[in-house]
Amino acid sequence: MQTRNFINSLDLSPSQYDRLFDLADRINHAPATYAQRCQGKVMASLFYEPSTRTRLSFEAAMLRLGGQILTVADPKTSSAAKGESLADTIRTIAGYADLIVMRHPREGAAQLAGEYSPVPLINGGDGAREHPTQTLTDLFTIRTFLGRLRGLSVGLCGDLRYGRTVHSLIRALARLGDQRFVLISPDELRLPDRVLSSAAALGEGNTFEQTASMDEALTRCDVLYVTRIQKERFFNEEDYIALRDTYVLTAGKMQQAKPEMIVMHPLPRVTEIEANVDDDPRAVYFEQARLGMIVRMALILDLLEGGDDAAG
Ligand code: NCD
């Protein structure tokens, strides 16, 4: 069987996404049915960049499927610190594990690792480029709350330049078509042209609008996807500080939004959503994080069992 990796959000077709989400729904409603499905399997998580949610949600997903985990959370204690190449690290770890999830600061590192890996490899984020399992999480969350993935007004707000979750999400949504994207960012942090043109070439009936004003755009959105300014990708602290508080969503601003709009955030949140928004039923970011674990369970099953959902 050919090894399947998940490196870019477009690696799965729309119908493969639908199948995964159907499986994730079944897992969400009857987790006990799946509690032994990965018995005897081992997942290695190899994180060269900080992570809480992505690593823990993958590890929780594998444990909840009855599998086991190996984890390298601190690359300073691994052989990369001795100068080992990524290709050698991956080939070694593949001898210990049935599946690898990796996060790396270098764009393209996941692609390279996937080429060397004899076991399925999942990209847990590569620099500012892609974060495809966050896209799985985001689409599954939208589907769960709004019941559809097409014909949406989606406000993407914050650091559209460096925020990899947006780079993956916009292309996956654009491919489905009939979306109205409102790209809300300061000029300095606009969506890179290569991402915008790649999204614009996908799907039919999409529109893209760029604005610096969250307040006005907010009133028109079905989904408001807020992101943090990506401090670690700035060259200097001053630029970061100047932009950090450009957008702050408050309970007051939420009064202008549609009653059925959902507010999403890949987390971690810094200052961009005030804590008093959390009690608004439209604020779904913590449930989004939980659904991320559920949909990762579906992805792990799919990659290890080839999508054959015998229990479903
Ligand atoms: C995101 C990431 O790492 O890109 N976090 C996550 O995986 N949930 C978003 C971020 O760090 O801002």
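1. Let's start with the ligand site. In this predicted model, the ligand is surrounded by T54, R103, H131, Q134, R164, T165, R228, Q230, P266, L267 and P268. Several of these residues return in later points, so keep the list at hand when you open the structure.

2. Three polar distances are worth putting on screen. An oxygen atom of the ligand lies 2.7 Å from a side-chain N or O atom of H131. For R103, the distance from a side-chain N or O atom to an oxygen atom of the ligand is 3.1 Å. With L267 it is the backbone that takes part: one of its N or O atoms is 3.0 Å from a nitrogen atom of the ligand. As for coverage, the ligand taken alone exposes 310 Å², and the protein buries 94% of that area.

3. Please look at the backbone around L267 too. This residue sits in the loop between β9 and α11, and its phi is positive, about 60 degrees, although L267 is not a glycine. Its relative accessible area is 11%, under the 20% limit, so L267 counts as buried. The peptide bond that joins L267 to P268 is cis, with omega at about 5 degrees. P268 belongs to the loop between β9 (262–264) and α11 as well. Both L267 and P268 are among the residues around the ligand.

4. Another positive phi is found at D178, which is not a glycine either; the value is near 60 degrees. D178 is placed in the loop between α6 (164–176) and β6 (180–184). How accessible is D178? Its relative accessibility is 47%, which lies between the 20% and 50% limits, so D178 counts as partly exposed.

5. R228, one of the residues around the ligand, has a polar partner in the protein. Its side chain is joined to that of E232 by a polar contact of 2.9 Å. E232 lies in the loop between β8 (223–226) and α9 (237–244) and is partly exposed, at 47% relative accessibility. In space, the C-alpha atoms of E232 and Y162 are 9.5 Å apart, while their positions lie 70 residues apart in sequence terms.

6. On to the overall layout. The protein chain is divided into domain 1 (14–130 + 289–311) and domain 2 (132–288). Taken over C-alpha atoms, the centres of domain 1 and domain 2 are separated by 25 Å. Across the boundary, 30 residues of domain 1 are in contact with 30 residues of domain 2.

7. Which residues touch the most other members of the largest nonpolar core? They are L136, L156 and I300, in a core of 58 residues. Helix α11 (residues 285–305) gives the most to this core, contributing 11 residues. Domain 1 and domain 2 each supply at least three residues to this core. I300 itself touches C38, M43, F58, A61, M62, L65 and L99, leaving out residues up to four places away in sequence. There is also a second, separate core of 20 residues, and L224, M254, A257 and A283 are included in it.

8. A298 is a good residue to click on in helix α11. It is buried, with a relative accessibility of 0%. Beyond its neighbours within four places in sequence, A298 is in contact with L20, L23, A24 and I27. The C-alpha atoms of A298 and R26 are 9.3 Å apart, although the two residues are 272 residues apart in sequence.

9. Finally, a word on the start of the chain. I7 is found in the segment before α1 (14–29). Is I7 buried or exposed? At 5% relative accessibility, I7 is under the 20% limit and therefore counts as buried. Setting aside its neighbours within four places in sequence, I7 is in contact with A110, Q111, L121, N123, R129, E130 and P132. I7 and G125 are 118 residues apart along the chain, and 8.7 Å separates their C-alpha atoms.

Key: Residues numbered from 1 in each chain as written. Predicted model: local features only at pLDDT ≥ 70, side-chain atom pairs only at ≥ 80, totals over all residues. Heavy atoms only, no water. Core = buried A, V, L, I, M, F, W, Y, C linked by side-chain atoms within 4.5 Å. Buried < 20%, exposed > 50% of the residue type's maximum accessible area, 1.4 Å probe, protein only. Helix = DSSP H or I, 4+ residues; strand = E, 2+ residues; numbered from the N terminus. Domains from an automatic or database assignment. Contact = heavy atoms within 4.5 Å. Near = heavy atom within 4 Å. Polar contact = N/O pair within 3.5 Å; in protein donor to acceptor, adjacent residues only side chain to side chain. Areas by Shrake-Rupley, 256 points an atom, 1.4 Å probe, with all protein chains shown as cover.
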